[in-house]
Amino acid sequence: MITVSVINAPLKEVYVLRHIILSFAFVASIVNANDTVEKKTINEQLIETALTSRHALDILTDLTTNIGPRLPGTEADLRTVAWAENLLTSQGFDRVYKQPVRVPAWKRGIANASIVSPAPQALIISALGHSVGTPEGGITAPVVRVSSLAALSEISARAVKGHIVFIDHKMERHRAGKYYREVVGGRSNGASIAATKGAVGLLIRSIGTDSDRFAHTGMMLYDVKKPRIPSAALSAPDADQLTRLLTQHGKVTLNFELGSEHLESAISYNVIAEYDGAKFPEQYVLVGAHHDSWDEGTGALDDGAGIAIVTAAAKQIIDLPDRPKRGVRVVLYAAEELGLVGAKAYARENADDLHNIYLASESDFGAGEIWKLDTRFSDALSALSKKLLKELAPLNIEAGHNKATGGPDTSVLVNKGVPALTLLQDGTDYFDFHHTPNDTLDKVSPEALKQNVAAWSVMLWTTTNSDAELRPISLKKTQRVEAKELSTPQQ
Ligand SMILES: [Zn+2]
């Protein structure tokens, strides 16, 4: 027993040291050495192996290097699906399959902007996802600035008519990213509200917390009853520049040109892998991430890291000598960025099977260290919550609230009564890179990625073996969120 444990011990200095100490102890007293080694629980072993494994980093490196950007409905999207199938097949699941999902397709094209007067100069913009394009040569019009989407709703149509609307709503930095929700409405719904008042185009200050000269793209939606106007995001320094010019001169004329166009819808796939439980094979814990990304970066943080984390954690469970009581299902969703398209398809296709999901969760907030556990169980103080907090304590994870959505795609399941949890990552710098060309592999800390895999492995082993009853859950909060933010994109 001791021989096996020591040989398998990870090669960190501390373990080498322990090896030496234990070897001496073994000679001196076999009983003492056995006591020290055999007390390790499965969760402790999972943490040890995760903290010394490169597996998640290798997955993420391969995805971001050999696939790169993964815009839904493109050829790269289908290469991603094939990559995901190969990856999951190589991990030892009982079965891997894909589920077709129809996704809207779109081409970005060129995106240029410049101040025409009073101080001609180029600006950095990025087309918002699924914006229409402009005529060749772009749109030239005076700019009207509003401080938020709410301010746009209140301003008179007379002030907006014939103008390019500029929503200049600054996003504040926060560990849990809570200010994203305050500003993202301008991106999602600004165009149709501006168009109702006669605007000819929309520019928004990037939804981000950096001051880099990159603009942040992201999905926008058109109200089918309103005219469609071209829409783009300005980098934060360019938004500041435009605001200064407006403040000093009152009138600023701007030109912007987008080569964006809508394409025929296409087929993508959710990629699904199942590992059956030993006692309740029909039940499973569903862990997810989305395999699509925006096209300007390589989607390392959003959401390549999520794929790497949940896959590596599931592999840790598969590598244990015994199966857990219930199964593990990994779902890599299609087209999350376009409005949870894959997640909605999953919920629809599995409508008869949702009662078999013991709980669901998703990793989709970058690769920062996990610091908090949020749940959505029938009982906030469930025996499972207590057990999880105890087992996750060595990883510095604290108790959160009981209103978790489990992640964007998981929220669709939560709205259908599926219990969920969120292992909340430190997102302090997530919105510096989110949806920009800067979302690349170098932004991922290998150590934080390992901590994530450790936490997900412990969560999987603990929940797949839990006897706690988690249903029924309260639906109040997510229903409100879905109505406001999670509507399906209009093509
Ligand atoms: Zn994401």
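Colleague: What makes His290 count as buried or exposed in this model?

Modeller: Keep in mind that this is a predicted model. Buried means under 20% relative accessible area. His290 comes out at 0% relative accessibility, so it counts as buried.

Colleague: And Asp302, how do you know whether that one is buried or exposed?

Modeller: Same test: the cut-off for buried is under 20%. Asp302 has a relative accessible area of 3%, so it is buried.

Colleague: What makes a residue a donor of the zinc ion here, and which ones are they?

Modeller: A donor has to be an N, O or S atom within 2.8 Å of the metal. The protein donors are His290 through NE2, Asp302 through OD, and Asp364, listed twice through OD, and they lie 1.9 to 2.6 Å from the zinc ion. That range fits within the 2.8 Å limit, so they count as donors. Along the chain, they follow the spacing H-x11-D-x61-D. His290 sits in strand S11 (residues 280–290) and Asp302 in helix H11, 12 residues apart.

Colleague: Why is the arrangement around the zinc ion called irregular?

Modeller: Four donors count as tetrahedral if all angles lie between 85 and 135 degrees. The 4 donor atoms here subtend angles of 52 to 150°, so tetrahedral is out and the arrangement is irregular.

Colleague: Let's move to Lys279. Why is it called buried or exposed?

Modeller: Exposed means over 50%. Lys279 has 52% relative accessibility, so it counts as exposed. You'll find Lys279 in the loop between strand S10 (261–275) and S11. Leaving aside neighbours within four places in sequence, Lys279 is in contact with Pro324 and Lys325. Asn465 is 186 residues from Lys279 in sequence, but their C-alpha atoms are 9.3 Å apart in space.

Colleague: How do you know what span to expect for helix H10 (residues 236–249)?

Modeller: You take 1.5 Å times one less than the number of residues. H10 has 14 residues, and the expected span is 20 Å. From its first C-alpha to its last, H10 reaches 20 Å, close to that expectation. Its buried residues include Ala239, Leu242 and Leu246. After H10 comes Gly250, with a positive phi near 80°.

Colleague: Last one: what makes a set of residues a nonpolar core, and which members of the largest one touch the most others?

Modeller: The members must be buried nonpolar residues joined through side-chain atoms within 4.5 Å. The largest such core has 93 residues, and Val165, Val287, Val330, Leu332, Leu392, Leu449 and Trp456 touch the most other members. Helix H11 (residues 300–318) gives the most to this core, with 12 residues.

Notes:
Residues are numbered from 1 along each chain as its sequence is written. This is a predicted model: local features need pLDDT of at least 70, side-chain atom pairs count only at pLDDT 80 or more; totals for chains, interfaces and linings use all residues. Side-chain values use heavy atoms; hydrogens and water are left out. Buried means under 20% relative accessible area, exposed over 50%, partly exposed in between (1.4 Å probe, protein chains only). Helices (H or I, at least four residues) and strands (E, at least two) are DSSP runs, numbered from the N terminus. Donors are N, O and S atoms within 2.8 Å of the metal (3.2 Å for Na, K and Ca); water is not among the atoms, so sites may look incomplete. Four donors count as tetrahedral if all angles lie between 85 and 135 degrees; four count as square planar and six as octahedral if opposite donors are over 155 degrees apart and all others between 65 and 115; anything else is irregular. Contact means heavy atoms within 4.5 Å.
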